[in-house]
Amino acid sequence: MGLRYLLGRLAVMIPVFIVVVTVVFFMIRFAPGGPFDSEKQVPPDILKNLNAKYHLDESLAKQYVRYWGDLSRFDLGPSFKYANRTVNEIIAESLPVSAELGLISLVWALLIGVTAGGLAALKPNSLYDYIPMSFSILGICLPTFVIGPLLVLVFAVWGGWLPVGGWNTWQDRLLPSLTLGFAYAAYISRLTRGGLMEIRSQDFIRTARAKGLSEGKVIVKHALRGGLLPVVSYLGPAMAGIISGALVTEQIFNIPGLGRFFIQSAVNRDYTVVMGTSLLYFSLIFVANFCVDIVYVFLDPRVRYE
Amino acid sequence: MTRKSYLIVGALALALVDLLGLYSLRTPAKAAAGKQVIRINNGAEPKTLDPHGATGVYEDLLLRQIYEPLVARDAKDLHPIPGVAESWKMSKDGKEYTFKLRTNAKWSNGEPVTAEDFVYAWKRILDPKTASEYASMAYPLKNAKGINTGEIKDFTKLGAKAVDAHTLKVTLENPTPYFLSLLDHYSLYPVYKKSVDTHGDRWTRPENFVGNGAYNLKSWEINKSIVMVKSPTYWDNAAVKIDEATFFPVDNLDTEEKMFRTKQIDVTREIPPEKLPFWQKDKTGVFVSSDYLGTYYFRLNVTKGPLKDVRIRKALNLAIDREKLVKYVSRGNQNPALAYTPPGTGGYNPPKVLPGDLSRLAEAKKLLADAGFPAGKGFPKIEILYNTQEIHKKMSEAIQAMWKENLGIEVGIINQEWKVYLNSMKTLSYDVARAGWIGDYNDPNTFLENFMTTNGNNMTGFANKAYDNAVIASQKEVNLEKRKVHFAEAEKILLDELPVLPVYIWRRNFLKATNVQGWYPNIQDLHTLKDVWLEATPG
């Protein structure tokens, strides 16, 4: 495999990282309002004390250099809003929660998505196709803030079988992961179906059939590998998104994940948390895409990186 | 993949789900026989549990359980009652207080709570290095402001001295009639010096935390829950009935309501606005609605455009139907605001100057005509600014419609994200802006001082000497009856000049399980678990 290509990809990350740090750093500071603006105005003298404590009284250039200094020691700084916590601590506490939710959702998404898509591709234009694909349209159209409360209403409020919110027991994991997983499953099933349909009409599949293989074997052994390529490339960014937090799902189910910080920090102008979560998100996307590139080679013998 | 490997993958996936679940299988605390456990929604994750870093109601509910102030409040009418201090004396001029601390008050590690602890805490909040946002709450203490701004370097000049371990002498800058109720505010709570010194910013973590309240911090998981247990060292712990309390930071109102319905929580912070009509009709006794020390109003920028003219401000004021606004828009049992200060604040009832309905509309039309815009003709375009939220949007739209219908003027409405909106108010780049104010303490001063010329919360450009003087006079007077005269004077000027359009007096609407007793409604919505108990539910 093209080692040079992979090293090249890694090398590209460095300038992109610098750009991301710079853009986010200045953008959040140029946004109107600051971290200590509140409905009750902070008297100017006190604001002076606050700015001094967090080095916001220094010039932007100096703050920027200071940030790089801290970053080189993997210190993302203190949160302005959650006064007793550092950004490192916030990420350390909430990323595992988001990752757990994300991974379970991803398992749901793949199980449901690939099965439904495969079924549809196997018997196109039959009920096996129409029913799963109708559900998938539903999954794409209905946002999580509709599906989530709906599931809660049925299974928690009416049924009383599962809790409304929280993150303590395994029962707490079911509804949020299904909610989140369903949205992804919808896309995955369509991608699977599309990928499989396309590959089914190709020469090597015809060859496989000509050898007398059963249709099931043809699909599973030959078609699926190539047919899943679109799903795999979709999974890269999806995985980064799903792991670094799903704001809406986390809010609906009161889950202590990272997604809430990611959004709320921007609203709060909590500069350090905005920086920390954005950089983490960027790194996750990069790593996920990188992994996808590698998986591609294994799945599709035609792909070579030179 | 073969069919077999499919099965294996499926089984593995299920095992993973199972494993992750079991790994963190910790069922919520079940009430053991006779053990009182309460679950409360705090409404948001607190910024901190350091009383000197806190800034809002989300910290208040938590902090007042794990600390005891020098002077506490009665659970029903909020009058000052003994806290750590068992008695106190005020000097004739109202500038000196001597507090006698109870000798059996203890920190959660068993150490006694001393006068020195309070002196230390107050010096700490005022220290510029602490950079406390609410340090100004301590400004009534002598030399406090100088210390906080760095002008006074000698901290011993602060008007708080420990005469001995259990006697605290406090000297104030001015007689501050509401000083005793200030002591119940978290910014003046004591903190445990050794813990702060040893652990730095991490002293508020459960493992390092030392408090002096009826409850002790057991766990604190960010955005998940905070658990408190009854403190064995608290001097009055025989009177404390709830053994354990869990606070959730649920900020989604819909989730909160469903958690209440499924009995995951016993007390909510709010009710989703669209569900209010449903709960108002509730017959089971879980719906609670009580007056709250706050005013919902609109700011008028008196430095810009047509709103410079007081006749126009008056016309706008007389052309809004407050009764309709609370009945059809806010819909939460609120009372129309007929003055700026909520009635009953610190025993003061403001003059009811504003009309609740459109009874004075003719006057409004005449004022508008006098100002040069008969029937609204040629009125320059102005805009109502609100921070992006559904309820404020509805309110702004309703007022927009009322002005159009009643005065014939066209106004636009514009929304901005919270911090942008705050910035627009601060820089006076708005015409009319939605606003709200919740009193920090139960005294009209917390409302009226905002519109003094140099106050940072003014943000309307309103500057009036007579107003400033009336408020200053009320701050220097000790006698409540005499103060009321000054308040009323200030209020009249404010509502005559109208840099504000008060709309309604805030109301707290929430749900509370019927077995929760002692959670009394009070005007500041302050609740100490010490006063609360659970009644055994039949069956």
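In which helix of chain A is the place of A:Met239? Select A:Met239 to begin: the residue belongs to helix α10 (residues 229-243) of chain A. Helices here are DSSP runs of H or I with at least four residues, strands are runs of E with at least two, and both are numbered from the N terminus.

The model is predicted, so local features are restricted to pLDDT of at least 70 and side-chain atom pairs to pLDDT 80 or more, whereas totals for chains, interfaces and linings use all residues. Residues are numbered from 1 along each chain as its sequence is written, and chains are lettered from A and ligands numbered from 1 in the order in which they are written.

**First stop: A:Met239**

Keep A:Met239 selected and display its surroundings. The residue is buried, because 21 other C-beta atoms lie within 10 Å; the class requires 20 or more such atoms within 10 Å, exposed means 12 or fewer, partly exposed lies in between, and C-beta atoms are placed from the backbone. Add A:Leu103, which is 136 residues away along the chain, with its C-alpha atom 8.3 Å from that of A:Met239. Beyond residues up to four places away in sequence, A:Met239 touches A:Leu106 and A:Ala288, a contact being a pair of C-beta atoms, placed from the backbone, within 7 Å.

**The contact between chains A and B**

Next, select both sides of the contact: 47 residues come from chain A and 51 residues from chain B. On the side of chain A, the elements supplying at least two residues each include α2 (44-53), α4 (87-122), α6 (144-158) and α7 (170-200). The greatest contribution to that side is from α4(A), with seven residues. By class, the side of chain A comprises 24 nonpolar, 12 polar and 11 charged residues. Here Ala, Val, Leu, Ile, Met, Phe, Trp, Tyr, Cys and Pro count as nonpolar, Asp, Glu, Lys and Arg as charged, and the others, Gly among them, as polar.

**Chain B as a whole**

Now isolate chain B, which has 16 helices and 18 strands. Its C-alpha trace spans about 80 × 75 × 50 Å along the principal axes. Of its 539 residues, 48% count as buried. Among contacts in chain B with a separation of 6 or more, 67% join residues 24 or more positions apart.

**The nonpolar cores**

Select B:Trp122 and B:Ala138, the residues with the most contacts inside the largest nonpolar core, which has 146 residues. Such a core is a set of buried Ala, Val, Leu, Ile, Met, Phe, Trp, Tyr and Cys residues joined through C-beta atoms within 7 Å. The element that gives the most to this core is α4(A), with 17 residues. Outside its neighbours within four places in sequence, B:Ala138 is in contact with residues including B:Trp122, B:Ile125, B:Ser187 and B:Leu188. A second, separate core of 65 residues includes B:Val432, B:Phe447, B:Phe462 and B:Trp506.

**The six-stranded sheet**

Move to the open sheet of chain B, whose six strands follow the order β12-β16-β11-β15-β13-β14 with mixed pairing. Strands pair if DSSP finds at least two bridges between them. At the edges stand β12 (335-336) and β14 (411-416) of chain B; each has a single partner strand, so one side of each lacks a neighbour in the sheet. Strand β13 (residues 382-387) of chain B runs parallel to β14(B), joined by six bridges, and B:Asn387 stands opposite B:Gln416 in β14(B).

Helix α13 (residues 418-426) of chain B packs on this sheet, and its direction makes about 135 degrees with that of β13(B). These axes are lines fitted to C-alpha atoms, for helices over the stretch in contact, and angles run from 0 to 180 degrees between N-to-C directions.

Then select β11(B), which pairs with β16(B) in the antiparallel sense over 10 bridges; in that region B:Val288 stands opposite B:Phe510 in β16(B). The pairing of β11(B) with β15(B) is also antiparallel, over seven bridges, and B:Tyr297 stands opposite B:Ala435 in β15(B).

**An enclosed helix**

Select α9 (residues 310-318) of chain B: seven of its nine residues are buried, so the helix is largely enclosed by the rest of the structure. Its buried residues are covered by elements including β11, α11 (361-370), α12 (390-407) and β16 of chain B.

**Last stop: two positive phi values**

Most residues other than glycine have a negative phi. Select B:Leu498, with phi near 55 degrees, in the loop between α16 (480-497) and β16 (500-511) of chain B. B:Leu498 is buried, with 24 other C-beta atoms within 10 Å. Finally, select B:Asp525, where phi is about 55 degrees. B:Asp525 lies in the loop between β17 (516-517) and β18 (533-534) of chain B and counts as partly exposed, with 19 C-beta neighbours inside 10 Å.

Note on methods. Two residues are in contact if their C-beta atoms, placed from the backbone, lie within 7 Å.
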